[in-house]
Amino acid sequence: FPAFAQVIENACGQHGYTPVLCTQTPGGVGEDEYVEMLLDRGVSGIIFVSGLHADVTTDAARYQKLTGRGLPVVFVNGYIESVEAPFISTDDAVATQLAVSHLTSLGHRRLGLAIGPDRYVPVRRKLAAFTAALDSPELRSKNVTGLVEQSLFSVEGGHAAAVRLLDQGVTGIICGSDLMALGAIRAARQRGLDVPRDVSVVGYDDSPLIAFTDPPLTTVRQPVHAMGQAAVRALIDAVSGHGSPNTEYLFRPELVVRNSTGAVPGGR
């Protein structure tokens, strides 16, 4: 999120706009309250990054009200079909396929997916892609199986999910975020397991400093710079009266291989 904020801030400044940053914390000011504050300030448009639009239980009316009054809005990482606006998203299906392919190429045949709550659009897409990948003829022929544990998007959530996955004998764990991956590594070490000698762990995001963890984390990198630039460009176009087509734009992520993944232990 800080990386998205930095890219969006810089891009807005280059177009002569001053960004107002609203951040959410548990128990703090909610999204709807922030929107009212921004409207009171007469903002030219709003970019939502992983907001309520990413939650499938959200009432779309809150966003339809904004578009109905002509306010330019752009959404990042989430999708609501009934809202007429540009959506900028990482291709979660490709992200999952990259992680699965990487682990299976290293010989892993029992994979685990540690992911967040399935009310979120990116989570549902990753779950669907994980299931589809394991059901492919190629992986079925190699006897690749998988397990899913849903938890919280945090170190503690990753730890709890990994404990359950390790109990069921997985050798490779794909996580829904880098923080979850750090929790999974902690869970493995508490059992006396080495990462990656005994279990491999893949994160998601490529957050700052992840390359300097112990071990440096293999992860799937979100193309934050390209996505942030595209979000601002779509917003500026809408503000100028030349709006982008109201559709979802999928950006391809990149697998970054570091030291938290390795060959399957002992030919398992």
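A residue is counted as buried when its relative accessible area is under 20%, and by this criterion 48% of the 268 residues of the chain are buried. The structure is a predicted model, and the description below proceeds from the overall fold to individual side chains.

The chain comprises nine helices and 10 strands. Its C-alpha atoms occupy a box of roughly 60 × 35 × 30 Å along the principal axes, and the radius of gyration is 20 Å, which agrees with the value near 18 Å for a compact globule of 268 residues. Among contacts in the chain with a separation of 6 or more, 71% are accounted for by residues 24 or more positions apart. The chain exposes about 12700 Å², of which 52% is supplied by carbon and sulfur atoms.

With regard to covalent cross-links, zero disulfides are present in the structure. Cys 22 is in no disulfide, and the nearest cysteine sulfur, belonging to Cys 12, lies 12 Å away; because a disulfide requires two cysteine sulfur atoms within 2.5 Å, that distance does not satisfy the criterion. Cys 22 is partly exposed, its relative accessible area being 25%, whereas Cys 175 is buried, with a relative accessibility of 3%.

Charged side chains, by contrast, form 13 salt bridges in the structure. One of these pairs Asp 135 with Arg 140, where the closest N and O atoms are 3.4 Å apart, and Arg 140 is partly exposed at a relative accessible area of 46%. Another links Lys 142 to Glu 138, with 3.5 Å between the closest N and O atoms. In this second pair, Lys 142 is partly exposed, with a relative accessibility of 35%, while Glu 138 is classed as exposed, with a relative accessible area of 51%.

A further salt bridge joins the side chains of Glu 254 and Arg 221, with an N to O distance of 3.2 Å. Glu 254 belongs to strand S10 (residues 254–256) and Arg 221 to strand S8 (residues 218–221), so this pair ties together parts that are 33 residues apart in sequence. Both partners are partly exposed, Glu 254 at 42% relative accessibility and Arg 221 at 30%. The pair also belongs to a network in which salt bridges with shared partners connect Asp 206, Arg 221, Glu 254 and Arg 258.

Within this network, Asp 206 is situated in the loop between strand S7 (200–205) and S8, and at 17% relative accessibility Asp 206 counts as buried. The side chain of Asp 206 makes a polar contact of 2.6 Å with that of Arg 221 and another, of 3.1 Å, with that of Arg 258. When residues up to four places away in sequence are set aside, the residues touched by Asp 206 are Asp 178, Thr 219, Val 220, Arg 221, Val 256 and Arg 258.

Thr 219, one of the residues in contact with Asp 206, is located in strand S8 and is buried, with a relative accessible area of 0%. A polar atom of the Thr 219 side chain lies 2.9 Å from the backbone nitrogen of Tyr 204. Leaving out residues up to four places away in sequence, Thr 219 touches Asp 178, residues of the run Val 202, Gly 203, Tyr 204, Asp 205 and Asp 206, and also Glu 254, Leu 255, Val 256 and Arg 258. Thr 219 therefore touches three of the charged residues named in the network, namely Asp 206, Glu 254 and Arg 258. The C-alpha atom of Thr 219 is separated by 9.5 Å from that of Ala 95, although the two residues are 124 residues apart along the chain.

A second aspartate in a loop is Asp 55, which is found between strand S1 (46–49) and helix H3 (61–68). Asp 55 is also buried, with a relative accessibility of 11%. The side chain of Asp 55 is joined to that of Thr 57 by a polar contact of 2.7 Å, and, residues up to four places away in sequence not being counted, Asp 55 touches Arg 119 and Tyr 120.

Methods
Residues numbered from 1 in each chain as written. Predicted model: local features only at pLDDT ≥ 70, side-chain atom pairs only at ≥ 80, totals over all residues. Heavy atoms only, no water. Buried < 20%, exposed > 50% of the residue type's maximum accessible area, 1.4 Å probe, protein only. Salt bridge = Lys/Arg side-chain N within 4 Å of Asp/Glu carboxyl O. Helix = DSSP H or I, 4+ residues; strand = E, 2+ residues; numbered from the N terminus. Polar contact = N/O pair within 3.5 Å; in protein donor to acceptor, adjacent residues only side chain to side chain. Contact = heavy atoms within 4.5 Å. Rg over C-alpha atoms; globule rule 2.2 N^0.38 Å. Areas by Shrake-Rupley, 256 points an atom, 1.4 Å probe, with all protein chains shown as cover.
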